[in-house]
Amino acid sequence: MNATAAQQHEVLVLGAGYAGLSAAIQLAARTRKRGDLRVTLVNPYDTFTERLRLHMTATGQEAAEMNIPELLDGTGAGFVRGWVTAVDAETKTVRIDADRVLRYDTLVYGLGGIANTVAVPGVDDHAYTLNGPQDAALLADRLTRLDGGTVVVGGSGLTGVEAAAEIAERYPELQVVLLGRQEPGASMHPKAKAYLDEALARLGVRVRSGVEVAKVLPDSVEFADGSSIPAGAVLWTSGTRVSPLAAAAGLTVDERGRVVTDSALRSVSHPDVYAVGDAAAIRQGYGVMHGTCQGGMPTGVHAALSILRVLAGKEPKPFRFGYYHTPVSLGRNDAVVQFTHPDDSPRRIVLTGKRAAQYKETVTAAPWPTFARMKKMPVSGAFWPHGGRYTRIRSAK
C-alpha cells in the first residue's frame with residue numbers, strides 16, 4: 001500500500017557535490033520500492049561540478065557535463081534547482097531562492113566549502129577563484145586575453161599547485177608565480193616533494209614561500225613587508241570557508257562554521273540533521289577530517305545508511321575513515337601520487353610521471369561508474385574511487 005504524502009518521511013539533501021549526490025543516490029536506490037520515504041536533492045545548478053577538473057576548465061579545456069537529473073534517473077529521488085537561502089531547524093523547513101519553502105523530516109546538509117576570499121583585502125574584488133565552472137571559465141577567458149605578463153596563484157596547497165602547473169603548461173608565454181606561507185608539497189615524503197619541485201621548475205613556475213599577502217590590487221599583489229609584484233591575473237586558492245547557513249540555523253558548528261557531528265554524522269545539536277563532506281566537522285581517531293573529495297562520497301553513503309537504521313529503530317553505526325593517497329596533477333601528462341597512512345601522513349610509496357598521471361585520471365573519472373553501480377546495487381564496500389578506506393557496512397537492515 002502506498003503511503004500518502006502526509007505519511008511520507010521527507011528527506012532533503014542540500015548540495016549535489018560528491019557527498020550530497022552520494023547520499024541522495026544511495027538512500028533513494030535503497031528505498032525506491034517503498035512508498036513511505038521521499039528523497040529530494042537541492043542544488044543551484046542541474047549539472048554536476050567536477051571539482052577535480054576545475055584547474056583544467058580554468059585553462060580553457062572542456063570537461064564532460066554530467067546532468068544531475070539524469071544521474072538520479074531510476075532512483076526515485078526528486079531534484080529541485082535553486083539556491084538554499086535559509087534553514088530553519090526548529091520548523092524543519094528550508095527556503096529556496098526567495099519564494100519556495102520545502103519541509104523535511106530528515107536533512108542531509110552538504111553545502112561544502114568555497115575559496116576564502118574575505119580574509120585578505122582585495123581578493124573578493126580582484127582575484128579569480130575555482131569555486132565552480134563559471135568562475136573557472138572567467139579565468140580561462142582572462143588568460144586568453146593576456147599578452148605576456150605575470151599570473152599569480154595565491155595559495156601553495158595542492159589546488160594551487162595543480163592550477164599553477166596547468167596554467168604554465170598551457171600558456172608558456174606567461175610567468176606563473178605560486179605564493180604561499182608553506183612550500184608546495186610540504187606535507188609529502190621528501191621523494192614526492194622533490195619530484196613536485198622539479199616539475200614546477202621545469203614548467204617555469206616561480207615559487208615564493210614564506211610570504212604573507214596583505215592586499216590584492218587590480219594589477220598587483222602587495223605583501224605584508226610592503227613589497228609587491230605585478231599581476232595580470234590573480235587566482236586565489238588559499239583557504240576555504242563554508243556557508244554561514246548552518247550557524248544561522250542554530251546548529252552547533254566549529255570555528256570554521258562546519259557542522260559538528262556525532263559518530264554517525266548527525267548534528268550534535270539537531271540529530272535529525274546529518275552533515276556530509278566539507279560541510280561537516282567529523283572527528284576520527286587521528287583528528288577532524290579535512291575536506292577532500294576522497295572523503296566526500298563515503299560520508300554521503302554513511303549518512304544514507306545511518307538514516308535507514310534510525311528509521312528502522314536501530315542505532316546507526318559509527319563512521320570510520322582513513323586516507324589512502326594524495327594525487328596531484330602537474331599538467332596533462334605528469335603527476336605525483338603520495339600514498340598515505342590512514343591519518344594522511346605520508347608513506348614512503350610514491351608514484352610519479354605518466355603512470356601517476358594515468359592513476360590521477362582514473363581516480364578523477366571513477367565517481368561516474370560508482371554512481372551507476374549505486375543506482376543498480378547500492379554499495380557497501382570498504383574502498384572508494386577517491387581512495388579512502390571506509391568501514392564496511394553490508395546492510396541497513
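A crossing of two helices is called left-handed if the near helix is turned anticlockwise from the far one by less than a right angle, and right-handed if clockwise. With that convention in hand, the helix pairs of this predicted model can be described. Helix 6 and helix 7 make a left-handed crossing. Helix 6 spans residues 158-170 and helix 7 spans residues 190-203, and their axes come within 9 Å and cross at roughly 30°. Angles under 35 degrees count as roughly parallel, and helix 6 and helix 7 are therefore roughly parallel to each other. On the side of helix 6, the contact involves V161, A165, A168 and E169, which meet L196, L200 and L203 of helix 7. By character, these contact residues divide into 6 nonpolar, no polar and 1 charged.

A second helix pair joins parts of the chain that carry very different residue numbers: helix 1 covers residues 18-31, and helix 9 covers residues 293-311. Their axes are 7 Å apart, and the angle between them is about 35°. Here the crossing is right-handed. Helix 1 contributes Y18, A19, S22, A23, Q26, L27, R30 and T31 to the contact. From helix 9, the contacting residues include C293, G296, M297, T299 and G300, together with V301, A304, L305, I307 and L308. The contact of helix 1 with helix 9 holds 11 nonpolar, 6 polar and 1 charged residues.

Both of these helices also meet a sheet. The sheet is open, has 5 strands in the order 5-2-1-9-20, and shows parallel pairing. Strand 5 (78-81) and strand 20 (273-275) stand at its edges with a single partner strand each, so one side of each has no neighbour in the sheet. From one strand to the next, the twist averages 20°. Strand 9 (residues 106-109) runs parallel to strand 20, and 3 bridges join the two. Within this pairing, L107 has V273 of strand 20 as its bridge partner. Helix 9 packs on the sheet and touches strand 1, strand 2, strand 9 and strand 20, with its direction at about 155° to that of strand 20. Helix 1 lies across strand 1 (9-14), strand 2 (37-43) and strand 9, and runs at about 160° to strand 2.

Antiparallel pairing appears elsewhere in the model. One open sheet consists of 3 strands in the order 14-15-16, paired in the antiparallel sense. Its edges are strand 14 (213-217) and strand 16 (228-230); each has a single partner strand, so one side of each is left without a neighbour in the sheet. Direction ignored, neighbouring strands of this sheet are turned by 15° against each other on average. Strand 14 pairs with strand 15 (residues 220-223) over 4 bridges, and V216 stands opposite V221 of strand 15.

A hairpin gives another antiparallel example. Strand 6 (residues 84-88) and strand 7 (residues 93-96) pair over 4 bridges, with A86 standing opposite R95 of strand 7. The hairpin has 4 residues between the strands, and K92 takes a positive phi near 55°.

Finally, an unreviewed UniProt entry carries the annotation "domain: FAD/NAD(P)-binding" for residues 10-285. In the model, this span is 25% helix and 29% strand, and its end C-alpha atoms lie 33 Å apart.

Notes. Residues are numbered from 1 along each chain as its sequence is written. This is a predicted model: local features need pLDDT of at least 70, side-chain atom pairs count only at pLDDT 80 or more; totals for chains, interfaces and linings use all residues. Side-chain values use heavy atoms; hydrogens and water are left out. Axes are lines fitted to C-alpha atoms, for helices over the stretch in contact, and angles run from 0 to 180 degrees between N-to-C directions. Angles under 35 degrees count as roughly parallel, over 145 as roughly antiparallel, 65 to 115 as roughly perpendicular and the rest as oblique. Contact means heavy atoms within 4.5 Å. Ala, Val, Leu, Ile, Met, Phe, Trp, Tyr, Cys and Pro count as nonpolar, Asp, Glu, Lys and Arg as charged, and the others, Gly among them, as polar. Two strands pair if DSSP finds at least two bridges between them. UniProt positions are given in the numbering used here, feature names are shortened, and annotations may be inferred rather than shown by experiment.
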